[in-house]
Amino acid sequence: MAEAEIPCQFNAFMRKLQELRKVEDLIVVRMNKEIPSTTKRVTDASSTVDHSSVCERIYHDIVAASANRKAGIEHCIKVTGDQLAAMKNQDTSDMEFRQLQSTHRLMKRELHSEALVKDQVLKHFTQRCGGHFQPPSNA
């Protein structure tokens, strides 16, 4: 999922982001399935699972998915910003310029939304994996 995979035309951009954010939903389901809550800890087969390695893999999946989406969003913000700069120097209609300007602002807003999505997933991760895996402090 490299940044080039997110199209910069706004409707396609939003559809692709929505699709890529489903990864977080699946990660939450995966955590709930693979790491029992403190009230559900049983001494059967679940106790043989190495929770720290499961949590570490999940953490790296979260960080990688978020970084890829963020890079894609930043790429589209740059592309639309460059288009806006080019439109200023050309003879284009005011309506086209305002429409692109609006798209640019909405893409910037998605960057903030991305930070919120990542924070929520990491919060859930900490609740589930806090006792099994400590993420690096620079993340």
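Let's start with the big picture: this protein chain has 3 helices and 0 strands. Keep in mind as you look around that the model is predicted. If you walk along the sequence, the pattern you meet is α-α-α.

How much of the chain is tucked away? Of its 139 residues, 29% count as buried. You can also ask about the outside: the accessible surface of the chain comes to about 8900 Å², and carbon and sulfur atoms account for 53% of that.

Next, think about which parts of the sequence meet in space. Take the contacts between residues at least 6 apart in sequence: 74% of these join residues that are at least 24 apart. For one pair to look at, try leucine 20 and serine 66. They sit 46 residues apart in sequence, yet their C-alpha atoms are 9.1 Å apart in space.

Now for the inside. The largest nonpolar core has 12 residues, including Ile27, Met31, Val54, Tyr59, Ile62, Val121, Phe125 and Phe133. Which elements give two or more residues to this core? They are helix H1 (10-34), helix H2 (51-89) and H3. H2 brings the largest share, with 5 residues.

Zoom in on one member of that core, isoleucine 62. Leaving out residues up to four places away in sequence, isoleucine 62 touches Glu24, Ile27, Val121, Leu122 and Phe125. Apart from the largest core lies another one, made of 8 residues, among them Ile6, Phe13, Leu20 and Cys76.

We have already met leucine 20, so let's go back there. You'll find this residue in helix H1. Is leucine 20 buried or exposed? The cut-off for buried is under 20% relative accessible area. Leucine 20 has a relative accessibility of 8%, so it counts as buried.

Finally, have a look at arginine 128, which has its place in helix H3 (residues 94-129). Arginine counts as positive, and arginine 128 is buried yet has no salt bridge. Why is there no salt bridge here? A salt bridge needs a side-chain nitrogen of Lys or Arg within 4 Å of a carboxyl oxygen of Asp or Glu. The nearest side chain of opposite charge belongs to glutamate 34, and that is 11 Å away, so the cut-off of 4 Å is not met. Arginine 128 does have a polar partner, though: a polar contact of 2.8 Å joins its side chain to that of asparagine 32.

Conventions: Residues numbered from 1 in each chain as written. Predicted model: local features only at pLDDT ≥ 70, side-chain atom pairs only at ≥ 80, totals over all residues. Heavy atoms only, no water. Helix = DSSP H or I, 4+ residues; strand = E, 2+ residues; numbered from the N terminus. Buried < 20%, exposed > 50% of the residue type's maximum accessible area, 1.4 Å probe, protein only. Polar contact = N/O pair within 3.5 Å; in protein donor to acceptor, adjacent residues only side chain to side chain. Contact = heavy atoms within 4.5 Å. Areas by Shrake-Rupley, 256 points an atom, 1.4 Å probe, with all protein chains shown as cover. Core = buried A, V, L, I, M, F, W, Y, C linked by side-chain atoms within 4.5 Å.
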